[in-house]
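Q: Could you take me through one part of this model in detail? I would like a close look at the open sheet, the helices that lie across it and some of the side chains around it.

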Amino acid sequence: MHNKCHLHCRGLFITIHDRGHLATVMKSWPEDVIKAVVVTDGERILGLGDLGCYGMGIPVGKLALYTACGGVNPQECLPVILDVGTDNEDLLKDPLYIGLRHKRVRGQAYDDLLEEFMKAVTDRYGMTCLIQFEDFANANAFRLLNKYRNRYCTFNDDIQGTAAVAVAGLLAAQRITKNKLSDHTVLFQGAGEAAMGIAGLIVMAMEKEGTPTEEAVKKIWMVDSKGLIVKGRVSLTHEKERFAHEHKEIRNLEDAVKALRPTAIIGVAAIAGAFTTKVIKDMASFNERPIIFALSNPTSKAECTAEQCYTLTEGRGIFASGSPFDPVTLPGGRTLHPGQGNNAYVFPGVALGVVACGMRHISEEIFLITAELIAEHVTDKHLEEGRLYPPLKDIREVSLKLAVKIVEHAYENNTASVYPEPKDKEAFIRSKIYNSDYDTFVVDSYVWPRDAMTIQMGKL
């Protein structure tokens, strides 16, 4: 059973009908030591929407990146999907759909499932087991983060991971614009989890520069599906109200850009082409170096392409995207390499550090530290090439340095639970990194030394 499960299991499926028995369900997972869990309920996958049980690919993929980009031991990772149903009619009608065939369960029953799940995970794997929330719908994402962040070792990647990578890009861009973050006016296309997470962390970064909170908040504007978020607009959520300022109502992004003259625009609403030719040209007309971040995934949902940004701004645009774009060669022969603001710069390194020192809670400060460290790894040469992030080939080294920084911070602030405190933090982290090298191969019950097996494979 044990081996078979290892061969065939891809993750743990928990349904709303398992309530009352989650401790038993958790025990069915064959690993006795789990340090990190990624969980989703599949309601808001990327730009794809409600995928129900098919959302399992998200926790599996995220944890694969924990190992590939951060060196977290894969045996100590657990992908989980909470199946509470789906509101996707196509899936409900599909005879081959693998999940529960009813609308999403909400309200008290949903909350009870989450409460029992958090307790079941920590009862089995300890209070320092990291639980990363991924691709929950807006209303649940903010609510669950606020509910659990001070009770468990948890974070929401869509809110906090995206924030860290976006702010890292802005901090790197400052070295081009030669000013402070507080000097910028930022306009968001979108006002969901990503926008709120980024905006909150920008405010925190501005506060660190010495700007009062109220002033920092006033430098951030948002456009949602109904237009510019302004004071007095009906039915604003608690999160949106924070960034609602006195201004007349504006229906669309183009008019908002013209009226507010922002120095940076950030797209996080998965609306393809939202950064129109007019928006980009206007940004270039009143900014020497306009900051244009088209962060929506997948590529088909990007607000603009790298080529559109660089061409329409005559190479002056400071561009980053959520999806990868090929290098762009401008008419003069200059080639620019667009930076990809990928959360993979954030969560693997954060997980490695948090798990290594046994943090009980993850403060918002961890994500500002993360943003600063990523930006520090961007060299002047990278900036000249158009990159706002280190090359992805360097991601293991960035994750290592990030983990070391987090561990240092944890011991300085008494938030670590692993004692005695290691003297050499980098050596400590390196000792925790998963090593995929092996000394022997087992083929047909015969143990081959590694070098001998390499020779045999070469003969095949």
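A: Happy to; here is the sheet, followed by its helices and a few side chains.

This is a predicted model, so local features are given only at pLDDT of at least 70 and side-chain atom pairs only at pLDDT 80 or more, while totals for chains, interfaces and linings use all residues. Residues are numbered from 1 along each chain as its sequence is written, and side-chain values use heavy atoms, with hydrogens and water left out.

Helices (H or I, at least four residues) and strands (E, at least two) are DSSP runs, numbered from the N terminus, and two strands pair if DSSP finds at least two bridges between them. In the open sheet, seven strands follow the order E8-E7-E6-E9-E10-E11-E14, with mixed pairing. Strand E8 (227–228) and strand E14 (339–340) are the edge strands, each pairing on one side only.

Let's zoom in on one pairing. Strand E10 (residues 291–294) and strand E11 (residues 318–321) run parallel and are joined by four bridges. Ile-292 is found opposite Phe-319 in E11.

Now the helices. Angles here run from 0 to 180 degrees between N-to-C directions, with axes as lines fitted to C-alpha atoms, for helices over the stretch in contact; contact means heavy atoms within 4.5 Å. Helix H7 (residues 157–177) lies across strand E9 (264–267), E10 and E11, at about 155 degrees to E10. Helix H8 (residues 193–208) lies across strand E6 (186–189), strand E7 (220–224) and E9, at about 175 degrees to E7.

Back in strand E11, we meet Ser-321. With a relative accessible area of 1%, Ser-321 is buried (buried means under 20%, exposed over 50%, partly exposed in between; 1.4 Å probe, protein chains only). Its side chain reaches the backbone oxygen of Ser-323 at 2.6 Å. Leaving aside residues up to four places away in sequence, Ser-321 touches Ala-294, Leu-295, Gly-339, Gln-340 and Gly-341.

Phe-319 brings us to the aromatic rings. Rings of Phe, Tyr and Trp (its six-membered ring) pair if their centres lie within 6.5 Å; planes under 30 degrees apart count as stacked, over 60 as edge-to-face and the rest as tilted. By this rule the count is nine aromatic pairs. Tyr-310 and Phe-319 have ring centres 5.9 Å apart and planes at 65 degrees, so this pair is edge-to-face. Both Tyr-310 and Phe-319 are buried, and together with Phe-325 they form one aromatic cluster.

Key:
A polar contact is a pair of N or O atoms within 3.5 Å; within protein, one must be able to donate a hydrogen and the other to accept it, and residues adjacent in sequence count only if both atoms are side-chain atoms.
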